[in-house]
Amino acid sequence: MLTVASGCGLTVDSLPLPKPGMQGDTFTVHAVFANALNLPDQAKVKIGGSDVGTVSHITTKNFQAVVDLTVRKDIDLPVNATAELRQATPLGDVFVAVSRPPNSSDQPLLKAGDTIGIDHTAAGASVEELLLSISMLFNGGGVAALTNLTSELDSVVGGRPQQLADLLKQMTSVTTTLHADSARIDNVLNGFDAMANTLQSHRDELGQVANTLPSMIGTIAENNQALGDLLTKVSVTSSALGDYANSTSAQLSALLDNVHKLMSALSQSQQDFGPLLDAMHNIRPGVDASFKGNTLAVGATLTQLDVGLITDPAHSKFFDLRDAQDFTGSLIQVLQVVQGRLLGGHR
């Protein structure tokens, strides 16, 4: 006998859903993000596209998001691992992508409770940011600017193809010339660099010179009249030397011949002229004594007596002051001739 009992039926909606999470042993590390975007609780943690854990808790601290990542215990995460918030599809859920840097083989591993710092985390662009960027690109961004640029270029070069071709040729020629002289340009730039380095190394000395220049200029300004007089005298001297240099060879030869004769005469009279001066030196005390007081006392000694006065009186005489006067006159005459040559007088 069959018995049918009616009651509440079992449907799919009444079936319990499995709680998201990881099965097996896990450990939890923290990751600090500047912006958690739309990261949901129990979001997936992936490495290389494979699920390795879930987001177990999200808190905020110091205007930063602290995300707890529960990862399988068999996953090795180095201390320099990075974490980034990504979306698999434009409308998909946000997940945490963990990456191992290439040089992480010799790095120690993260332990339970360790933290991935904010310098190793980042947030990818969301769909809203992407749509906003595209909107700005087409509504007043780069595309609008490119349109304006194209219009301006068309107004500049429109109807001027020949001038534009000439301009391109000139630019090509200039570029070719610069390329051919690139080595020389490099040498010039290297020279400027060396000069700049030299000036930099002598900056203190240049500063001292710059500080000295004002006082130097002031001194020159105060003595400009003296400098002008000096330059005038130098000009006169130069003119005199030029006039003397323009003397003919015959005149210069005659002048030198007269000087030679004068020097010869002085050489010949050295035996008599010296004793004469000595005698005058000896006579002076007696002369001075003779003219003192009210009486005159004269004492003389004859020393320069020439035998020729006795043997040839017609052609001999005493050495007197006229000989000195003749010598002085001859010397003055020669000096006057030399002065006339130097001052540009009559030759």
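I began with β1 and β7, and in this predicted model I found the two strands paired in the parallel sense over two bridges. Looking for a residue pair that shows this, I noted that A31 stands opposite I116 in β7.

I then turned to the other partner of β1 and saw that eight bridges join β1 to β4, with the two strands running antiparallel. Here I marked F33, which stands opposite A65 in β4.

Next I followed the whole sheet, which is open and made of eight strands in the order β7-β1-β4-β3-β2-β6-β5-β8, with mixed pairing. I wrote down β7 (115–116) and β8 (121–123) as the edge strands, since each of them pairs on one side only.

Towards the β8 end of that order I looked up β5 and β6, which run antiparallel and are joined by six bridges. Within this pair I noted that L85 stands opposite V96 in β6.

I went on to the largest nonpolar core, which has 25 residues, and listed the members that touch the most other members: F33, L39, V55, L69, L77 and V96. I recorded that β1 (26–33), β2 (44–47), β3 (50–61), β4 (64–72), β5 (82–87) and β6 (94–99) each supply at least two residues of this core. As a general remark, I added that nonpolar side chains tend to be buried together in soluble globular proteins.

Last, I asked which residues V96 touches, leaving out those up to four places away in sequence. I found F33, L39, K44, V45, K46, V55, L69, A83, E84 and L85.

Methods
Residues numbered from 1 in each chain as written. Predicted model: local features only at pLDDT ≥ 70, side-chain atom pairs only at ≥ 80, totals over all residues. Heavy atoms only, no water. Core = buried A, V, L, I, M, F, W, Y, C linked by side-chain atoms within 4.5 Å. Buried < 20%, exposed > 50% of the residue type's maximum accessible area, 1.4 Å probe, protein only. Helix = DSSP H or I, 4+ residues; strand = E, 2+ residues; numbered from the N terminus. Contact = heavy atoms within 4.5 Å. Pairing = 2+ DSSP bridges.
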